[in-house]
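Dear colleague,

I am handing over the structure below, and I would be glad if you could look through it alongside the notes that follow.

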Amino acid sequence: RGRNTEMIVLGLSFGRKNGNCDIVVKEALLGAKSLGAEVRFINTSNLRIDRCTGCGACDKRMEKGGPCRCVIKDDFPFVEHEILEADALIVAAPVYVLGPVGQYKNLCDRMGPSHDRAFMTKENERRKALGMKPLDERLFKDRFVGLISVGGARTENWTSFGLAGMHLLTFSSQMTVVDQLNLYGMGDRVNPAFHPDLMARVYQMGKNVTSVIGTPRLEAPFFGEDKGICPLCHCNLLTVKGTTDVECPICGIHGTLKVEGNKVSVDFPESQFERARLRYGGLEDHCNEINSMMEIAIAKMKQDGDKLPELLAHQKEIVPLDKSKFVEDTDN
């Protein structure tokens, strides 16, 4: 659409109100605003975003021709609506224990299967064949994202899963991460505002993310300084399986580990790229996998489901603890 006032850039902060996450997101939004974007901001700390319970109600509603929408009554619909409205996102989450705060993972799970573009595409094909109303077109919008992991530790490995974990939000909806920062060491920096270079960098992130709105998603450049070992997610994590065959745990693509002197690299063949979680082909593979497992599960339950009470009878001796009998020790 080009740079115009129709561009919407949403900032999501998962940190304390007016804390470091808020500050860097707002600064990035000012960068987005400088290019003409309408900017919106949400601090989630006082919102209730419960975990996905795996109830399957979203799928059942979709199968009946309705929206693929969660039935849990909390603040998720508010955040979901703003994400669907946005053309780009700036997201910051604090790292307390190696990865992003738990509320962020709750959002990822709630935005996961119920917004999976492969499932949604196949559902729309089904609806078209049956003459039914298609799904919300916003589910298929290409969005661009800037991720900011914020950690207090001065040692980078105490934030190892920060950025990596933040990528979980992007897979299902096929959002494209075009910039990312691991802001560890904030305990020493105290406040981003004390560091003009940091503030300038997050301001530039807002401009970077906004500048690619309207670009075909696979043609969008990556602006981060650290290109990472993976050419798709630009992270540096690897799953090593005992041979030179390694895998990016974020994208799911395989490559060959190479060591030259003390320098390590990975040759990821381009034939792997379309199978990545970040690409539609990877989502479609997983969609087909899930559907095939459902067929197996339904057949197995029809055949042997009546045997389950007997097979699990021995577990009756395991009784859940009674929460009503718990009394908190406030002295220790």
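In the model, which is a predicted one, the residue that E247 has as its bridge partner in β9 is H254. This bridge belongs to a pairing between strand β8, residues 245–247, and strand β9, residues 254–260, which run in the antiparallel sense and are joined over 3 bridges. These two strands are part of an open sheet of 4 strands, arranged in the order β7-β8-β9-β10 with antiparallel pairing. At its edges lie β7 (239–240) and β10 (263–267), each of which pairs on one side only.

Turning to the interior, the largest nonpolar core is made up of 26 residues, and those with the most contacts inside it are V9, V24, I90, I148, L183 and V209. Two or more residues of this core come from each of α1 (20–33), β3 (88–97), β5 (144–151), β6 (176–183) and α8 (196–211), and it is α1 that gives the most, with 6 residues. If residues up to four places away in sequence are left aside, V24 touches A92, I148, V150, L183, P192, L198 and V202. There is also a second, separate core, which has 25 residues and includes L89, M111, L169 and V177. As general background, nonpolar side chains in soluble globular proteins tend to be buried together.

Two of the helices also deserve a look. Helix α5 (residues 117–130) packs against helix α9 (residues 280–304) at an angle of about 70 degrees, with the axes 8 Å apart. Because angles from 65 to 115 degrees count as roughly perpendicular, α5 and α9 are described as roughly perpendicular to each other. On the α5 side the contact is made by R117, A118, F119, T121 and K122, while α9 brings Y280, L283, E284, C287, N288, I290 and N291. By character, the residues of this contact divide into 6 nonpolar, 3 polar and 3 charged.

Finally, a word on one glycine: is G152 buried, exposed or partly exposed? With a relative accessible area of 41%, G152 is partly exposed, because that value falls between the 20% under which a residue is buried and the 50% over which a residue is exposed. G152 is found in the loop between β5 and α6 (162–166), and, not counting residues up to four places away in sequence, G152 touches G185, M186 and G187. The C-alpha atoms of G152 and D74, which are 78 residues apart along the chain, are separated by 30 Å.

With best wishes

Key:
Residues numbered from 1 in each chain as written. Predicted model: local features only at pLDDT ≥ 70, side-chain atom pairs only at ≥ 80, totals over all residues. Heavy atoms only, no water. Core = buried A, V, L, I, M, F, W, Y, C linked by side-chain atoms within 4.5 Å. Buried < 20%, exposed > 50% of the residue type's maximum accessible area, 1.4 Å probe, protein only. Contact = heavy atoms within 4.5 Å. Pairing = 2+ DSSP bridges. Axes fitted to C-alpha atoms, helices over the stretch in contact; angles between N-to-C directions. Parallel < 35°, antiparallel > 145°, perpendicular 65-115°, else oblique. Nonpolar A, V, L, I, M, F, W, Y, C, P; charged D, E, K, R; others polar.
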